[in-house]
Amino acid sequence: MAPPNSERKSRFMKWLGKLFKSGSNRGGARGGVGGRAHPQILGEENVVWSAPARSVDDRSRTGKERGDAIALAMAEDWKQPSGCSRGTNDQDLARSLQDTLNSSSFPSYGTTQYCHRNLRLCSGCQRDIGYGNYLGCMGKFFHPECFCCRSCGYPITETEFSLSGNDPYHKSCFKELTHPKCEVCHQFIPTNAAGLIEYRCHPFWSQKYCPSHEHDNTARCCSCERLESRDARYYSLEDGRSLCLECMESAIMDTGDCQPLYHAIRDYYEGMNMKLDQQIPMLLVQRQALNEAIFGEKNGYHHMPETRGLCLSEEQTVASIQKRPRIGGHRLVGMRTEPRKLTRKCEVTAILVLYGLPRLLTGAILAHELMHGWLRLKGYRNLNPEVEEGICQVLSYMWLESELPGSKGMPSTSTSAASSSSSSSSSKKGEKSQVEKKLGDFFMHQIAHDATPAYGEGFRSANAAVSNPL
C-alpha cells in the first residue's frame, strides 16, 4: 500500500487532470503563439535554452491527451526555481511534456501548488498576463515589454541585468549610475591589478581622476592645483606654468598692476600697529627669476616644491615684469621684462612674487613676505624656521579672513583686533564673485592643512597662541 502522502499526491494530480480535461472540452486549450520563445534565466546563472519544439503528430492526439498535457505543464510551471525565467505559451509546454509520457524519464512532481492563470497579474502594468509570453522574476510576473530598466525606462531584453534592491537595470545603465568616472578624461576609472576601482581625489575640490593623469603630463593649475579637464583648456604661461580659466579671471600679470594691492596690504599692517617704516620695493617676476634670486640669497627657509614669494635681503639684479602678456590662443605671450638692480638700504632689499596668480593668492603671499620683512626690520633675524614661518602664515591667513568674511577655510582663530583693524580697507572692496570666494576658501584651506613642519605645524602652533594668549 502506498504511503498516505504519496496517495494524496496521486489524487491531487488526478484531480488536476480532470479539472483541465473539463477545461479543454470547453475550448480552453488553444494553439500556441507563433514566433521564437524567449530564453530562460534561472536565478543568477547565465543559462539560456529554448522551449521544446512542437510535436509533428500533435494534432492527432485526443482531447483527453491534450488535457493531461496541459495539467502536467501547469504543474511543472509552478515547480520552476525562484530566480528569473522567461515562459512560453502554456499549451506548447503541455505538448512538449506530453511527448515525454512514453519515455522512461517521466518527471517527478513532488508537492505542487496551482494558481489559475487568470490570477497571474503583470507587476508592471497591473493587468492580467493572459496567454502568450511572460517573464517571471523576483517572485513577480511581467509582460516582456513591462520589465523595464529603472534608469532609462526601456524594456530589459538581455539575458543579464543588474539589480539594486527590487529595481532592475540594464547593466550599462547601472554602470553609468554607480561606476565613478574620471573628471579629467571623462572615462570610467579602470580597475587596478587587484580588481578594485582606484582613483585620486583632491582633498578640497573633490576632483576624482585616474591615477595615470599624475604622470601623463596632464596640465595642473599652478594656483588652485586642479587638473586640466579634456573639455576645458588651460592657459600656458611663458615660464612653463599652467593657469585655469577661473584663476585667470583675477590674475595679476605685471608689477604695475600689483602696486595697489601691495599698498593695501601695507595699510592692513599699519592698522594692526605694525607699520613698515622702510619703503620696500615689490616686484612681480617669472619662475626662473625667482629661483635665481633664491639661489643668491644666503639665508632663509623656502617652501617646497615651489616657492612663490621671497623676502630678499641681498643685493641682486632681478628681471621684473613691466608689461603684462597678451592672450594668444591658449598661451600668454608678449611679456616684457626689465632688469632691476636692487641695492641694500636696510635689512630688506625687496619683496618678490610670482606673476600670473589670482589676486587673493598674490595678496596672501605679499602678507606672508611682508611679515618676514617686518621681523627683520625689528631685528628678529635668527628665529627658528617653525616660529618665523608660522607667524608669517598666520598673517597671511588673517588677511584672507579680512577679505572673505564668513569664509569656511577653518574656524576663525584670529583676534577681534585684527578684524577691526582691517575694517577700513574691507569697506573699500567690491563684492567678490562666487568663484573668487571659493578660491579664497581654498587658499585658506592650504594654509590650515599644510603638512610641512615649518609652514603647517608652525601655523597651527602660532594660530593657537594668537587665539589663546597667556
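**View 1. Arg and Lys side chains placed over aromatic rings.** In this predicted model, R120 lies over the face of Y134, at a distance of 4.8 Å from the centre of the ring. K175 is placed over the face of F188 in its turn, with 4.6 Å to the ring centre.

**View 2. The aromatic pair of Y397 and F459.** A pair of aromatic rings is described by the distance of the centres and the angle of the planes. For Y397 and F459 the ring centres are 5.3 Å apart and the planes stand at 45 degrees, so the pair is classed as tilted, an angle of under 30 degrees being required for stacked and over 60 for edge-to-face. The pair connects distant parts of the chain, since Y397 belongs to helix α9 (residues 385–403) and F459 to helix α13 (residues 453–467), with their positions 62 residues apart in numbering. Y397 counts as buried because its relative accessibility is 1%, and F459, with a relative accessible area of 0%, is buried as well. Across the whole structure, the search returns 9 aromatic pairs.

**View 3. The contact of helices α8 and α12.** The axes of helix α8 (residues 359–377) and helix α12 (residues 434–448) come within 9 Å of one another and cross at roughly 35 degrees. On the α8 side the contact is made by R359, L360 and L361, which meet E436, G440 and F443 of α12. Sorted by class, this contact of α8 with α12 comprises 3 nonpolar, 1 polar and 2 charged residues.

**View 4. An aromatic cluster that includes F443.** F443, which meets α8 from its place in α12, also forms one aromatic cluster together with F204, W205 and F442.

Key. Residues numbered from 1 in each chain as written. Predicted model: local features only at pLDDT ≥ 70, side-chain atom pairs only at ≥ 80, totals over all residues. Heavy atoms only, no water. Axes fitted to C-alpha atoms, helices over the stretch in contact; angles between N-to-C directions. Helix = DSSP H or I, 4+ residues; strand = E, 2+ residues; numbered from the N terminus. Contact = heavy atoms within 4.5 Å. Nonpolar A, V, L, I, M, F, W, Y, C, P; charged D, E, K, R; others polar. Phe/Tyr/Trp six-rings, centres within 6.5 Å; stacked < 30°, edge-to-face > 60°. Buried < 20%, exposed > 50% of the residue type's maximum accessible area, 1.4 Å probe, protein only. Lys NZ or Arg CZ within 6 Å of the ring centre and 35° of its normal.
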